[in-house]
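Got your viewer ready? Load the model below, and let's walk through it one selection at a time.

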Amino acid sequence: WEVIDRSDVPSDRNLVRLIWVYKTKCNASLKARLCIQGCAQIAGVDYNQTFCSTMRATSLRVLAAIAARDRLSMRRWDFIAAYLQVELEQGEVVYCRPPPGYETIGSDGRGRVCKVIEPIYGMAQAGRRWQ
């Protein structure tokens, strides 16, 4: 994200909240992930479309049957942090309050907000951008 002055945000725009999500993994290590409160995004203002195509289970079974019949091997891919590997669409801008623990007042005494440049976990449109 990019930190900007609060006065630079258009008055009709929504400020979405950023939250930290903490998780204890199986080996007792801790994981922290910064997420956006996607349910607070407004359709038509913060994003335009959220549709993301997926494969139906029956289609996958048909492909597996064809591969078995023709003695072909099937592979799978796991993209690490897939939603974070893309950029937002041109003209799509999301403004957020700074996450907890981040300074909200600049050295000049003016309020600060975050302008999201790339998708963050929880954004309504992140899945569509990945496809």
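Start by selecting Arg71, which sits just after helix 1 and takes a positive phi of about 55 degrees. Keep in mind as you look that this is a predicted model.

Now step back along the sequence and select residues 57-69, which are helix 1. From first C-alpha to last, the 13 residues of helix 1 reach 18 Å, close to the 18 Å expected at 1.5 Å a residue. Here is a handy thing to remember while you spin it around: an α-helix has 3.6 residues a turn, so residues three or four places apart point the same way.

While you're here, show the side chains of Arg69 and Asp70. They form a salt bridge, with the closest N and O atoms 3.1 Å apart. Are these two buried or out in the open? Arg69 counts as exposed because its relative accessibility is 61%, while Asp70, at 38%, is partly exposed.

Next, turn on the surface and pick Met55, Leu60, Leu63 and Met74. Together they make a nonpolar patch with about 390 Å² of accessible area. Met55 belongs to the loop between strand 4 and helix 1. With a relative accessibility of 52%, over the 50% cut-off, Met55 counts as exposed.

Time to zoom out and color by secondary structure. You should find 2 helices and 6 strands, arranged along the sequence as β-β-β-β-α-β-β-α. The chain has 131 residues, of which 27% count as buried. It exposes about 9600 Å², with carbon and sulfur atoms supplying 51% of that. Look at the contacts between residues at least 6 apart in sequence, too: 70% of them join residues at least 24 apart.

Now hide the surface and go inside. Which residues make up the largest nonpolar core? Select Val16, Leu18, Leu34, Ile36, Leu88, Val94, Cys96, Cys114, Val116, Ile120 and Met123, 11 residues in all. The elements that each give two or more residues to this core are strand 4 (30-36), strand 5 and strand 6. Apart from it there is another core, of 6 residues, including Ile4, Val93, Tyr95 and Val113.

Center on Cys114 for a moment. Leaving aside residues up to four places away in sequence, Cys114 touches Trp1, Glu2, Val94, Tyr95, Cys96, Pro98 and Pro99.

How many salt bridges does the whole structure hold? A search finds 3, and you've already met the one between Arg69 and Asp70. For another, select Asp5 and Arg110, whose side chains meet at 3.4 Å, N to O. Asp5 lies in strand 1 (residues 2-5) and Arg110 in the loop between strand 5 and strand 6, so this pair ties together parts that are 105 residues apart in sequence. Asp5 counts as buried at 13% relative accessibility, whereas Arg110 is partly exposed at 41%.

Add Arg112 to the selection. Its side chain meets Asp5 in a salt bridge as well, at 2.4 Å, N to O. This pair also links distant parts of the chain, with Arg112 in strand 6 and Asp5 in strand 1, 107 residues apart. Arg112 is partly exposed, with a relative accessible area of 23%. Through shared partners, salt bridges join Asp5, Arg110 and Arg112 into one network.

Last stop: Gly106, in the loop between strand 5 (94-96) and strand 6 (112-116). Gly106 counts as buried because its relative accessibility is 15%. Draw a distance from Gly106 to Val3, C-alpha to C-alpha: the two are 103 residues apart in sequence and 9.8 Å apart in space.

Notes: Residues numbered from 1 in each chain as written. Predicted model: local features only at pLDDT ≥ 70, side-chain atom pairs only at ≥ 80, totals over all residues. Heavy atoms only, no water. Helix = DSSP H or I, 4+ residues; strand = E, 2+ residues; numbered from the N terminus. Buried < 20%, exposed > 50% of the residue type's maximum accessible area, 1.4 Å probe, protein only. Core = buried A, V, L, I, M, F, W, Y, C linked by side-chain atoms within 4.5 Å. Contact = heavy atoms within 4.5 Å. Expected span 1.5 Å × (residues − 1). Patch = residues over 30% accessible without salt bridge, like charges linked within 9 Å, V, L, I, M, F, W, Y side chains within 5 Å. Areas by Shrake-Rupley, 256 points an atom, 1.4 Å probe, with all protein chains shown as cover. Salt bridge = Lys/Arg side-chain N within 4 Å of Asp/Glu carboxyl O.
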